[in-house]
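Got the structure open in your viewer? Let's take a walk through it, one selection at a time.

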Amino acid sequence: MTDTTPLLRAEGIDKTFGGVSALRGASLEVARGEVHALVGENGAGKSTLIKVVTGVHRGDGGSIEFEGAALELRSPQQAQERGISTIYQEINLVPMRSVAENVFLGREPRRFGLIDWKRMNAEARTVLDRLGLELDVTRPLGTLDVAIQQMVAIARAVSYDARLVIMDEPTSSLDEKEVETLFEVVRQLRRDGVSTIFISHRLDELYAVCDRVTIMRDGETVRTSAMGDITKLELIADMLGKDLGEVRRSGTTGFGEGTHEASDAFIEAHHVARGRKLRDATLEVGSGEIVALAGLLGSGRTELARTLAGADVPESGEIRVGGSESHFTRPKDAIEARIGYCSEDRKTFGIVPHMSVRDNMTLALMPALSRRGIVDRAAQDRIVDRFIERLGIKTSGPDQPIGELSGGNQQKVLLARALALEPRLLIVDEPTRGIDVGAKAEIQRLINELADDGLAVLMISSELEEIIEGADRVIVMRDGRSVAELERDEISQDAIMTAMAHGEGETEGEGRADA
(Lines give C-alpha, C1' and ligand atoms only; values in the text may rest on other atoms or scores of the structure.)
Protein backbone atom coordinates (compact mmCIF):
# COMPACT_ATOMS: atom_id res chain seq x y z
CA MET A 1 0.00 0.00 0.00
CA THR A 2 1.37 3.41 -0.98
CA ASP A 3 1.23 6.47 1.25
CA THR A 4 -1.61 7.89 -0.86
CA THR A 5 -3.75 4.75 -0.67
CA PRO A 6 -6.53 5.16 1.93
CA LEU A 7 -6.30 2.89 4.93
CA LEU A 8 -10.05 2.29 4.69
CA ARG A 9 -12.32 2.79 1.71
CA ALA A 10 -16.01 1.87 1.86
CA GLU A 11 -18.07 2.65 -1.25
CA GLY A 12 -21.72 2.21 -2.21
CA ILE A 13 -22.68 0.45 1.04
CA ASP A 14 -26.33 -0.64 1.24
CA LYS A 15 -28.05 -2.23 4.22
CA THR A 16 -31.72 -3.03 4.77
CA PHE A 17 -33.45 -4.28 7.93
CA GLY A 18 -36.92 -5.75 7.53
CA GLY A 19 -37.61 -3.78 4.37
CA VAL A 20 -36.36 -0.51 5.91
CA SER A 21 -33.27 0.96 4.28
CA ALA A 22 -30.61 1.92 6.85
CA LEU A 23 -27.80 2.64 4.34
CA ARG A 24 -28.14 3.77 0.74
CA GLY A 25 -24.88 3.93 -1.18
CA ALA A 26 -22.98 5.21 1.85
CA SER A 27 -19.25 5.86 1.58
CA LEU A 28 -16.37 6.51 3.96
CA GLU A 29 -12.67 6.98 3.26
CA VAL A 30 -10.01 7.23 6.00
CA ALA A 31 -6.34 8.01 5.36
CA ARG A 32 -3.45 6.49 7.29
CA GLY A 33 -2.61 8.40 10.47
CA GLU A 34 -5.78 10.48 10.17
CA VAL A 35 -8.37 11.39 12.80
CA HIS A 36 -11.63 11.26 10.86
CA ALA A 37 -14.92 12.50 12.32
CA LEU A 38 -18.15 10.67 11.43
CA VAL A 39 -21.25 12.70 12.27
CA GLY A 40 -24.98 12.74 11.68
CA GLU A 41 -28.25 12.73 13.56
CA ASN A 42 -29.38 9.62 15.41
CA GLY A 43 -30.69 7.31 12.70
CA ALA A 44 -28.45 8.83 10.02
CA GLY A 45 -26.65 5.50 9.54
CA LYS A 46 -23.36 6.08 11.37
CA SER A 47 -23.60 3.07 13.66
CA THR A 48 -24.86 0.80 10.88
CA LEU A 49 -21.98 1.79 8.61
CA ILE A 50 -19.46 1.12 11.39
CA LYS A 51 -21.07 -2.25 12.12
CA VAL A 52 -20.80 -3.22 8.45
CA VAL A 53 -17.14 -2.17 8.38
CA THR A 54 -16.37 -4.14 11.57
CA GLY A 55 -18.23 -7.34 10.68
CA VAL A 56 -21.21 -6.98 13.02
CA HIS A 57 -23.51 -6.76 9.98
CA ARG A 58 -22.98 -7.90 6.41
CA GLY A 59 -23.73 -5.23 3.83
CA ASP A 60 -26.30 -5.84 1.08
CA GLY A 61 -24.18 -4.07 -1.51
CA GLY A 62 -21.00 -2.08 -2.05
CA SER A 63 -17.35 -2.79 -1.37
CA ILE A 64 -14.86 -2.29 1.47
CA GLU A 65 -11.06 -2.16 1.19
CA PHE A 66 -8.60 -2.09 4.09
CA GLU A 67 -4.90 -1.51 3.54
CA GLY A 68 -5.50 -1.77 -0.20
CA ALA A 69 -7.13 -5.23 -0.09
CA ALA A 70 -10.77 -6.31 -0.12
CA LEU A 71 -12.22 -6.62 3.37
CA GLU A 72 -14.89 -9.24 4.02
CA LEU A 73 -15.50 -9.78 7.72
CA ARG A 74 -17.90 -12.20 9.35
CA SER A 75 -17.38 -11.11 12.97
CA PRO A 76 -15.93 -8.30 15.12
CA GLN A 77 -13.22 -10.75 16.21
CA GLN A 78 -12.02 -10.95 12.62
CA ALA A 79 -11.95 -7.15 12.54
CA GLN A 80 -9.68 -7.12 15.59
CA GLU A 81 -7.42 -9.70 13.97
CA ARG A 82 -7.15 -7.45 10.91
CA GLY A 83 -6.20 -4.45 13.08
CA ILE A 84 -9.56 -2.70 13.59
CA SER A 85 -10.53 -1.95 17.23
CA THR A 86 -13.85 -0.43 18.27
CA ILE A 87 -14.82 1.39 21.47
CA TYR A 88 -18.58 1.58 21.81
CA GLN A 89 -20.50 4.29 23.68
CA GLU A 90 -22.05 1.68 25.97
CA ILE A 91 -19.24 0.06 27.96
CA ASN A 92 -19.03 -3.61 27.04
CA LEU A 93 -16.77 -5.03 29.75
CA VAL A 94 -17.13 -7.41 32.71
CA PRO A 95 -17.70 -5.52 36.00
CA MET A 96 -16.74 -8.41 38.31
CA ARG A 97 -13.37 -8.99 36.60
CA SER A 98 -10.29 -6.94 37.41
CA VAL A 99 -9.08 -3.97 35.40
CA ALA A 100 -6.20 -6.06 33.99
CA GLU A 101 -8.52 -8.94 33.08
CA ASN A 102 -10.78 -6.55 31.18
CA VAL A 103 -7.87 -5.02 29.26
CA PHE A 104 -6.75 -8.48 28.11
CA LEU A 105 -10.13 -10.23 28.06
CA GLY A 106 -10.01 -13.20 25.68
CA ARG A 107 -6.27 -12.89 25.05
CA GLU A 108 -4.75 -13.27 28.48
CA PRO A 109 -0.97 -13.94 28.44
CA ARG A 110 -0.27 -17.53 29.47
CA ARG A 111 2.61 -19.55 30.80
CA PHE A 112 2.56 -23.35 30.77
CA GLY A 113 -1.10 -23.17 29.79
CA LEU A 114 -2.10 -21.02 32.78
CA ILE A 115 -2.79 -17.31 32.95
CA ASP A 116 0.40 -15.40 33.69
CA TRP A 117 -1.11 -12.98 36.21
CA LYS A 118 2.13 -11.16 36.96
CA ARG A 119 2.79 -10.42 33.29
CA MET A 120 -0.84 -9.48 32.60
CA ASN A 121 -0.95 -7.02 35.50
CA ALA A 122 2.39 -5.48 34.48
CA GLU A 123 1.33 -5.08 30.85
CA ALA A 124 -2.02 -3.59 31.92
CA ARG A 125 -0.18 -1.00 34.01
CA THR A 126 1.96 -0.09 30.99
CA VAL A 127 -1.14 0.45 28.81
CA LEU A 128 -2.88 2.53 31.49
CA ASP A 129 0.27 4.62 32.03
CA ARG A 130 0.06 5.55 28.36
CA LEU A 131 -3.39 7.00 29.10
CA GLY A 132 -2.17 8.85 32.17
CA LEU A 133 -4.14 6.59 34.55
CA GLU A 134 -2.82 5.38 37.87
CA LEU A 135 -5.05 2.46 38.90
CA ASP A 136 -4.88 -0.69 40.95
CA VAL A 137 -5.19 -3.09 38.01
CA THR A 138 -6.24 -5.91 40.34
CA ARG A 139 -9.34 -4.02 41.46
CA PRO A 140 -12.76 -5.18 40.09
CA LEU A 141 -13.83 -2.88 37.25
CA GLY A 142 -17.36 -2.49 38.62
CA THR A 143 -16.06 -0.70 41.72
CA LEU A 144 -14.81 2.20 39.59
CA ASP A 145 -16.92 5.08 38.30
CA VAL A 146 -18.21 5.17 34.74
CA ALA A 147 -15.53 7.59 33.51
CA ILE A 148 -12.70 5.32 34.63
CA GLN A 149 -14.47 2.30 33.13
CA GLN A 150 -14.62 4.18 29.82
CA MET A 151 -10.88 4.85 29.97
CA VAL A 152 -10.27 1.15 30.64
CA ALA A 153 -12.34 0.35 27.52
CA ILE A 154 -10.12 2.74 25.57
CA ALA A 155 -7.01 1.10 27.05
CA ARG A 156 -8.27 -2.29 25.89
CA ALA A 157 -8.77 -1.01 22.34
CA VAL A 158 -5.38 0.66 22.00
CA SER A 159 -3.62 -2.35 23.53
CA TYR A 160 -4.25 -4.26 20.31
CA ASP A 161 -1.81 -3.80 17.44
CA ALA A 162 -4.49 -1.71 15.75
CA ARG A 163 -4.12 0.27 12.53
CA LEU A 164 -7.64 1.72 12.88
CA VAL A 165 -9.38 2.62 16.16
CA ILE A 166 -13.08 3.48 16.06
CA MET A 167 -14.37 5.58 18.98
CA ASP A 168 -18.15 5.92 19.36
CA GLU A 169 -18.95 8.83 21.72
CA PRO A 170 -15.81 8.12 23.78
CA THR A 171 -16.05 11.31 25.85
CA SER A 172 -19.69 11.01 26.96
CA SER A 173 -18.68 9.95 30.50
CA LEU A 174 -15.42 11.91 30.84
CA ASP A 175 -14.65 15.21 32.53
CA GLU A 176 -12.56 17.94 30.90
CA LYS A 177 -9.22 16.67 32.20
CA GLU A 178 -9.97 13.12 31.07
CA VAL A 179 -11.16 14.37 27.67
CA GLU A 180 -7.85 16.15 27.14
CA THR A 181 -6.02 12.96 28.19
CA LEU A 182 -8.04 11.05 25.59
CA PHE A 183 -7.24 13.66 22.94
CA GLU A 184 -3.54 13.28 23.68
CA VAL A 185 -3.90 9.52 23.21
CA VAL A 186 -5.61 10.14 19.86
CA ARG A 187 -2.83 12.53 18.82
CA GLN A 188 -0.21 9.97 19.83
CA LEU A 189 -1.98 7.33 17.75
CA ARG A 190 -1.86 9.74 14.81
CA ARG A 191 1.87 10.30 15.31
CA ASP A 192 2.30 6.50 15.35
CA GLY A 193 0.51 6.24 12.00
CA VAL A 194 -2.69 4.78 13.52
CA SER A 195 -5.99 6.12 12.15
CA THR A 196 -9.01 6.99 14.26
CA ILE A 197 -12.69 7.28 13.37
CA PHE A 198 -14.15 9.66 15.96
CA ILE A 199 -17.93 9.72 16.42
CA SER A 200 -19.24 12.52 18.64
CA HIS A 201 -22.20 14.87 18.96
CA ARG A 202 -19.96 17.44 20.67
CA LEU A 203 -18.89 19.60 17.76
CA ASP A 204 -16.16 21.45 19.66
CA GLU A 205 -14.39 18.11 20.16
CA LEU A 206 -14.37 17.47 16.43
CA TYR A 207 -12.62 20.75 15.71
CA ALA A 208 -10.16 20.13 18.55
CA VAL A 209 -8.85 16.77 17.39
CA CYS A 210 -10.12 15.75 13.93
CA ASP A 211 -8.53 16.30 10.50
CA ARG A 212 -11.53 15.60 8.27
CA VAL A 213 -15.25 14.95 8.67
CA THR A 214 -17.81 12.79 6.88
CA ILE A 215 -21.44 13.82 7.35
CA MET A 216 -24.30 11.33 7.01
CA ARG A 217 -28.04 11.91 6.69
CA ASP A 218 -30.85 9.40 6.12
CA GLY A 219 -28.44 6.55 5.42
CA GLU A 220 -26.41 8.47 2.85
CA THR A 221 -23.04 10.24 2.86
CA VAL A 222 -23.79 13.89 2.10
CA ARG A 223 -20.38 15.52 2.51
CA THR A 224 -16.72 14.91 3.31
CA SER A 225 -14.57 17.91 4.14
CA ALA A 226 -11.41 19.03 5.92
CA MET A 227 -12.39 20.39 9.33
CA GLY A 228 -10.81 23.73 8.49
CA ASP A 229 -13.00 24.08 5.40
CA ILE A 230 -16.39 23.78 7.10
CA THR A 231 -17.89 25.99 9.81
CA LYS A 232 -19.87 24.63 12.74
CA LEU A 233 -23.12 26.07 11.35
CA GLU A 234 -22.44 24.57 7.92
CA LEU A 235 -21.82 21.21 9.54
CA ILE A 236 -25.10 21.40 11.47
CA ALA A 237 -27.00 22.50 8.36
CA ASP A 238 -25.70 19.50 6.40
CA MET A 239 -26.56 17.13 9.26
CA LEU A 240 -30.12 18.44 9.47
CA GLY A 241 -30.62 18.99 5.75
CA LYS A 242 -31.60 22.61 6.39
CA ASP A 243 -30.72 25.95 4.87
CA LEU A 244 -27.72 27.61 6.49
CA GLY A 245 -29.71 30.77 7.17
CA GLU A 246 -32.38 28.81 9.04
CA VAL A 247 -29.76 27.20 11.28
CA ARG A 248 -28.09 30.56 11.88
CA ARG A 249 -31.40 32.10 12.96
CA SER A 250 -32.21 29.23 15.34
CA GLY A 251 -28.90 29.50 17.26
CA THR A 252 -26.80 26.68 18.66
CA THR A 253 -29.24 25.46 21.33
CA GLY A 254 -33.01 25.19 21.55
CA PHE A 255 -33.43 27.35 24.65
CA GLY A 256 -34.12 30.62 22.84
CA GLU A 257 -33.46 34.06 24.28
CA GLY A 258 -36.08 34.29 27.05
CA THR A 259 -35.48 34.19 30.79
CA HIS A 260 -37.88 33.08 33.48
CA GLU A 261 -39.17 34.84 36.56
CA ALA A 262 -39.30 32.41 39.47
CA SER A 263 -42.03 32.46 42.08
CA ASP A 264 -41.49 31.21 45.62
CA ALA A 265 -38.97 28.42 46.12
CA PHE A 266 -40.54 25.01 45.52
CA ILE A 267 -37.60 23.03 46.89
CA GLU A 268 -34.76 24.05 49.21
CA ALA A 269 -31.70 22.07 50.27
CA HIS A 270 -29.56 23.33 53.13
CA HIS A 271 -26.12 21.86 53.93
CA VAL A 272 -27.07 18.42 52.60
CA ALA A 273 -24.37 15.76 53.01
CA ARG A 274 -24.01 12.07 52.26
CA GLY A 275 -20.67 10.26 52.48
CA ARG A 276 -17.55 11.68 50.86
CA LYS A 277 -19.16 12.62 47.52
CA LEU A 278 -21.77 15.01 48.92
CA ARG A 279 -20.39 17.11 51.78
CA ASP A 280 -22.24 20.43 52.00
CA ALA A 281 -24.74 21.31 49.26
CA THR A 282 -27.20 24.18 49.39
CA LEU A 283 -29.63 25.33 46.69
CA GLU A 284 -33.20 26.35 46.01
CA VAL A 285 -35.32 26.08 42.88
CA GLY A 286 -38.41 28.22 42.34
CA SER A 287 -41.43 27.40 40.25
CA GLY A 288 -40.99 28.59 36.68
CA GLU A 289 -37.20 28.79 36.58
CA ILE A 290 -34.32 26.67 35.29
CA VAL A 291 -31.49 26.22 37.77
CA ALA A 292 -28.36 24.49 36.46
CA LEU A 293 -25.88 22.48 38.48
CA ALA A 294 -22.37 22.90 37.06
CA GLY A 295 -19.18 21.17 38.09
CA LEU A 296 -16.56 18.70 37.04
CA LEU A 297 -17.09 14.95 37.12
CA GLY A 298 -17.17 13.85 40.75
CA SER A 299 -18.17 17.30 42.05
CA GLY A 300 -21.36 15.92 43.62
CA ARG A 301 -23.93 17.10 41.07
CA THR A 302 -25.52 13.70 40.45
CA GLU A 303 -25.33 12.75 44.12
CA LEU A 304 -27.29 15.88 45.03
CA ALA A 305 -29.87 15.19 42.30
CA ARG A 306 -30.33 11.60 43.52
CA THR A 307 -30.79 12.82 47.09
CA LEU A 308 -33.45 15.34 46.06
CA ALA A 309 -35.20 12.58 44.07
CA GLY A 310 -35.28 10.19 47.02
CA ALA A 311 -32.88 7.68 45.46
CA ASP A 312 -30.30 8.34 48.23
CA VAL A 313 -30.94 9.29 51.84
CA PRO A 314 -28.96 12.27 53.21
CA GLU A 315 -26.92 11.79 56.36
CA SER A 316 -27.28 15.41 57.43
CA GLY A 317 -28.81 18.68 56.29
CA GLU A 318 -32.36 19.73 55.53
CA ILE A 319 -34.63 19.44 52.48
CA ARG A 320 -37.82 21.51 52.34
CA VAL A 321 -40.58 21.14 49.75
CA GLY A 322 -43.23 23.82 49.53
CA GLY A 323 -41.91 25.34 52.75
CA SER A 324 -42.24 22.13 54.78
CA GLU A 325 -39.37 19.90 55.87
CA SER A 326 -39.29 16.60 53.96
CA HIS A 327 -37.62 13.29 54.71
CA PHE A 328 -37.31 11.16 51.56
CA THR A 329 -36.25 7.56 52.14
CA ARG A 330 -37.21 6.19 48.69
CA PRO A 331 -38.09 7.54 45.23
CA LYS A 332 -41.80 6.99 45.92
CA ASP A 333 -41.63 9.70 48.61
CA ALA A 334 -40.24 12.21 46.11
CA ILE A 335 -42.83 11.20 43.50
CA GLU A 336 -45.62 11.80 46.03
CA ALA A 337 -44.06 15.23 46.65
CA ARG A 338 -44.43 15.79 42.86
CA ILE A 339 -40.75 15.55 41.97
CA GLY A 340 -39.83 13.92 38.65
CA TYR A 341 -36.32 12.65 37.93
CA CYS A 342 -34.48 11.64 34.74
CA SER A 343 -31.17 9.87 35.40
CA GLU A 344 -27.97 10.64 33.49
CA ASP A 345 -27.61 6.94 32.57
CA ARG A 346 -30.73 6.18 30.57
CA LYS A 347 -29.47 2.73 29.56
CA THR A 348 -28.88 1.45 33.11
CA PHE A 349 -31.34 3.44 35.25
CA GLY A 350 -33.90 4.62 32.70
CA ILE A 351 -35.23 2.46 29.91
CA VAL A 352 -36.16 -1.21 29.92
CA PRO A 353 -34.93 -2.01 26.38
CA HIS A 354 -37.19 -4.95 25.53
CA MET A 355 -40.36 -3.35 26.88
CA SER A 356 -42.58 -1.24 24.66
CA VAL A 357 -42.67 2.54 24.44
CA ARG A 358 -46.08 2.37 26.15
CA ASP A 359 -44.87 0.34 29.13
CA ASN A 360 -41.66 2.36 29.55
CA MET A 361 -43.55 5.64 29.50
CA THR A 362 -46.15 4.59 32.09
CA LEU A 363 -43.90 2.48 34.33
CA ALA A 364 -44.10 4.86 37.30
CA LEU A 365 -47.85 5.35 36.76
CA MET A 366 -48.79 1.66 36.97
CA PRO A 367 -50.13 1.85 40.56
CA ALA A 368 -52.42 4.73 39.59
CA LEU A 369 -53.53 3.03 36.37
CA SER A 370 -54.26 -0.35 37.98
CA ARG A 371 -57.20 -1.66 39.96
CA ARG A 372 -56.97 -5.09 41.52
CA GLY A 373 -53.94 -5.82 39.35
CA ILE A 374 -55.67 -4.93 36.08
CA VAL A 375 -54.31 -2.00 34.06
CA ASP A 376 -56.79 0.49 32.62
CA ARG A 377 -55.52 0.18 29.04
CA ALA A 378 -57.72 2.97 27.69
CA ALA A 379 -56.38 5.46 30.24
CA GLN A 380 -52.84 4.25 29.58
CA ASP A 381 -53.22 4.74 25.82
CA ARG A 382 -54.63 8.25 26.26
CA ILE A 383 -51.55 9.27 28.26
CA VAL A 384 -49.12 7.62 25.85
CA ASP A 385 -50.74 9.07 22.73
CA ARG A 386 -50.78 12.54 24.30
CA PHE A 387 -47.07 12.53 25.11
CA ILE A 388 -45.99 10.94 21.82
CA GLU A 389 -47.69 13.85 20.06
CA ARG A 390 -46.65 16.56 22.52
CA LEU A 391 -42.96 15.57 22.58
CA GLY A 392 -42.78 14.57 18.92
CA ILE A 393 -41.52 11.06 19.71
CA LYS A 394 -40.60 9.28 16.49
CA THR A 395 -41.83 5.70 16.81
CA SER A 396 -43.72 3.20 14.66
CA GLY A 397 -46.23 2.96 17.50
CA PRO A 398 -46.65 2.52 21.27
CA ASP A 399 -45.91 -1.21 20.98
CA GLN A 400 -42.43 -0.70 19.49
CA PRO A 401 -39.64 -1.80 21.88
CA ILE A 402 -37.95 1.32 23.24
CA GLY A 403 -34.53 -0.23 22.57
CA GLU A 404 -35.19 0.22 18.84
CA LEU A 405 -35.57 4.00 19.14
CA SER A 406 -32.78 6.52 18.67
CA GLY A 407 -31.11 7.96 21.77
CA GLY A 408 -33.00 11.24 21.45
CA ASN A 409 -36.37 9.52 21.28
CA GLN A 410 -35.52 7.27 24.21
CA GLN A 411 -34.74 10.41 26.19
CA LYS A 412 -38.10 11.90 25.21
CA VAL A 413 -39.88 8.78 26.47
CA LEU A 414 -38.11 9.15 29.83
CA LEU A 415 -39.10 12.82 29.98
CA ALA A 416 -42.66 11.79 29.21
CA ARG A 417 -42.52 9.24 32.06
CA ALA A 418 -41.54 11.98 34.48
CA LEU A 419 -44.05 14.50 33.10
CA ALA A 420 -46.90 11.97 33.22
CA LEU A 421 -46.59 12.13 37.02
CA GLU A 422 -47.55 15.83 36.79
CA PRO A 423 -44.49 17.01 38.76
CA ARG A 424 -43.91 20.49 40.12
CA LEU A 425 -40.12 19.95 39.98
CA LEU A 426 -38.34 18.17 37.13
CA ILE A 427 -34.74 17.07 37.73
CA VAL A 428 -32.89 16.28 34.49
CA ASP A 429 -29.34 14.91 34.69
CA GLU A 430 -27.45 15.33 31.38
CA PRO A 431 -30.71 15.44 29.36
CA THR A 432 -28.95 15.84 25.99
CA ARG A 433 -25.91 13.57 26.47
CA GLY A 434 -25.18 11.34 23.48
CA ILE A 435 -27.98 12.57 21.23
CA ASP A 436 -27.81 14.45 17.94
CA VAL A 437 -28.12 18.20 17.51
CA GLY A 438 -31.67 18.04 16.18
CA ALA A 439 -33.08 15.99 19.07
CA LYS A 440 -30.92 18.00 21.47
CA ALA A 441 -32.50 21.29 20.41
CA GLU A 442 -35.99 19.76 20.68
CA ILE A 443 -35.38 18.61 24.26
CA GLN A 444 -33.85 21.96 25.22
CA ARG A 445 -36.86 23.74 23.72
CA LEU A 446 -39.21 21.46 25.68
CA ILE A 447 -37.40 22.16 28.97
CA ASN A 448 -37.67 25.89 28.24
CA GLU A 449 -41.41 25.60 27.55
CA LEU A 450 -41.98 23.62 30.74
CA ALA A 451 -40.35 26.41 32.76
CA ASP A 452 -42.48 28.95 30.88
CA ASP A 453 -45.53 26.98 32.07
CA GLY A 454 -44.43 27.27 35.70
CA LEU A 455 -42.52 24.03 36.25
CA ALA A 456 -39.42 24.19 38.45
CA VAL A 457 -36.45 22.66 36.59
CA LEU A 458 -33.11 21.53 38.00
CA MET A 459 -30.74 20.72 35.12
CA ILE A 460 -27.33 19.09 35.27
CA SER A 461 -25.12 19.50 32.22
CA SER A 462 -21.44 19.10 31.42
CA GLU A 463 -21.80 21.43 28.41
CA LEU A 464 -21.14 25.02 29.44
CA GLU A 465 -22.85 26.36 26.32
CA GLU A 466 -26.05 24.58 27.33
CA ILE A 467 -25.86 26.02 30.84
CA ILE A 468 -25.03 29.55 29.69
CA GLU A 469 -27.92 29.72 27.20
CA GLY A 470 -30.47 27.75 29.21
CA ALA A 471 -30.12 28.55 32.91
CA ASP A 472 -31.66 31.38 34.91
CA ARG A 473 -29.31 30.64 37.80
CA VAL A 474 -26.25 28.40 38.15
CA ILE A 475 -25.08 26.57 41.26
CA VAL A 476 -21.43 25.52 40.89
CA MET A 477 -20.29 22.44 42.80
CA ARG A 478 -16.81 21.25 43.69
CA ASP A 479 -15.69 18.37 45.91
CA GLY A 480 -19.25 17.69 47.05
CA ARG A 481 -19.91 21.31 48.03
CA SER A 482 -21.87 24.13 46.44
CA VAL A 483 -19.19 26.80 46.08
CA ALA A 484 -20.84 29.54 44.02
CA GLU A 485 -24.22 30.82 42.86
CA LEU A 486 -24.45 32.88 39.68
CA GLU A 487 -27.44 34.99 38.71
CA ARG A 488 -28.49 35.40 35.08
CA ASP A 489 -26.38 38.50 34.39
CA GLU A 490 -23.33 36.87 36.04
CA ILE A 491 -23.40 33.64 34.03
CA SER A 492 -20.47 33.23 31.64
CA GLN A 493 -17.98 30.54 30.72
CA ASP A 494 -15.19 32.30 32.59
CA ALA A 495 -17.28 32.76 35.73
CA ILE A 496 -18.37 29.10 35.81
CA MET A 497 -14.87 27.76 35.12
CA THR A 498 -13.33 30.05 37.76
CA ALA A 499 -15.83 28.81 40.33
CA MET A 500 -15.15 25.19 39.34
CA ALA A 501 -11.46 25.74 39.88
CA HIS A 502 -11.35 28.12 42.84
CA GLY A 503 -14.81 28.49 44.31
CA GLU A 504 -16.49 31.80 45.08
CA GLY A 505 -14.29 34.61 46.26
CA GLU A 506 -11.00 32.72 45.97
CA THR A 507 -8.12 34.13 44.03
CA GLU A 508 -6.20 32.14 41.48
CA GLY A 509 -3.67 29.96 43.28
CA GLU A 510 -5.76 29.43 46.42
CA GLY A 511 -6.69 25.82 47.05
CA ARG A 512 -3.94 24.53 44.77
CA ALA A 513 -1.25 22.20 46.01
CA ASP A 514 1.32 23.89 43.81
CA ALA A 515 0.34 27.44 44.65
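Is Phe66 buried or exposed? Select Phe66 and see: its relative accessibility is 0%, and anything under 20% counts as buried, so Phe66 is buried. Bear in mind as you click around that this is a predicted model.

**Stop 1: around Phe66**

Phe66 lies in strand E4. Leaving out residues up to four places away in sequence, light up what Phe66 touches: Leu7, Leu8, Leu71, Arg82, Gly83, Ile84, Arg163 and Leu164. Now add Val30, which is 36 residues away from Phe66 along the chain. The C-alpha atoms of Phe66 and Val30 are 9.6 Å apart.

**Stop 2: the four-stranded sheet**

Next, pick Leu8, whose bridge partner in E4 is Phe66. Colour strand E1 (residues 8-17) and strand E4 (residues 61-66): the two run antiparallel and are joined by five bridges. Zoom out a little, and you have an open sheet of four strands, ordered E2-E1-E4-E5, with antiparallel pairing. Its edge strands are E2 (20-30) and E5 (69-70), each of which pairs on one side only.

**Stop 3: the helix across it**

Keep that sheet on screen and show helix H1 (residues 46-53). H1 lies across E1, E2 and E4, and runs at about 65° to E2. How many of the eight residues of H1 are buried? Six are, so to speak, under cover: the helix is mostly covered. To see the buried ones, select Lys46, Thr48, Leu49, Ile50, Val52 and Val53. After H1 comes Gly55, with a positive phi near 85°.

**Stop 4: the six-stranded sheet**

Time to switch sheets. This open sheet has six strands in the order E6-E9-E10-E3-E11-E12, and its pairing is mixed. Why is one side of E6 (84-87) and of E12 left without a neighbour in the sheet? Both strands stand at the edges and have a single partner strand each, so there is no neighbour on the other side. Turn the view along the sheet to follow the twist, which averages 20° from one strand to the next.

For a parallel pair, select strand E3 (residues 35-39) together with E11: four bridges join them. Val39 stands opposite Ile215 in E11. Then bring in helix H8 (residues 232-240), which packs on the sheet and touches E3, E11 and E12. The direction of H8 makes about 30° with that of E11.

**Stop 5: a hairpin**

Stay with E11 and move on to its antiparallel partner: six bridges join E11 (residues 212-217) to E12 (residues 220-226). One to click on is Val213, whose bridge partner in E12 is Ser225. E11 and E12 form a hairpin with two residues between them. In that loop sits Asp218, which has a positive phi of about 55° although it is not a glycine. Why stop for that? Most residues other than glycine have a negative phi.

**Stop 6: one more positive phi**

Last selection: Glu422, in the loop between helix H16 (407-419) and strand E21 (425-429). Here too the residue is not a glycine, yet phi is positive, near 55°. Is Glu422 buried or exposed? Its relative accessible area is 55%, and the cut-off is over 50%, so Glu422 counts as exposed.

Note on methods
Residues numbered from 1 in each chain as written. Predicted model: local features only at pLDDT ≥ 70, side-chain atom pairs only at ≥ 80, totals over all residues. Heavy atoms only, no water. Pairing = 2+ DSSP bridges. Buried < 20%, exposed > 50% of the residue type's maximum accessible area, 1.4 Å probe, protein only. Contact = heavy atoms within 4.5 Å. Axes fitted to C-alpha atoms, helices over the stretch in contact; angles between N-to-C directions.
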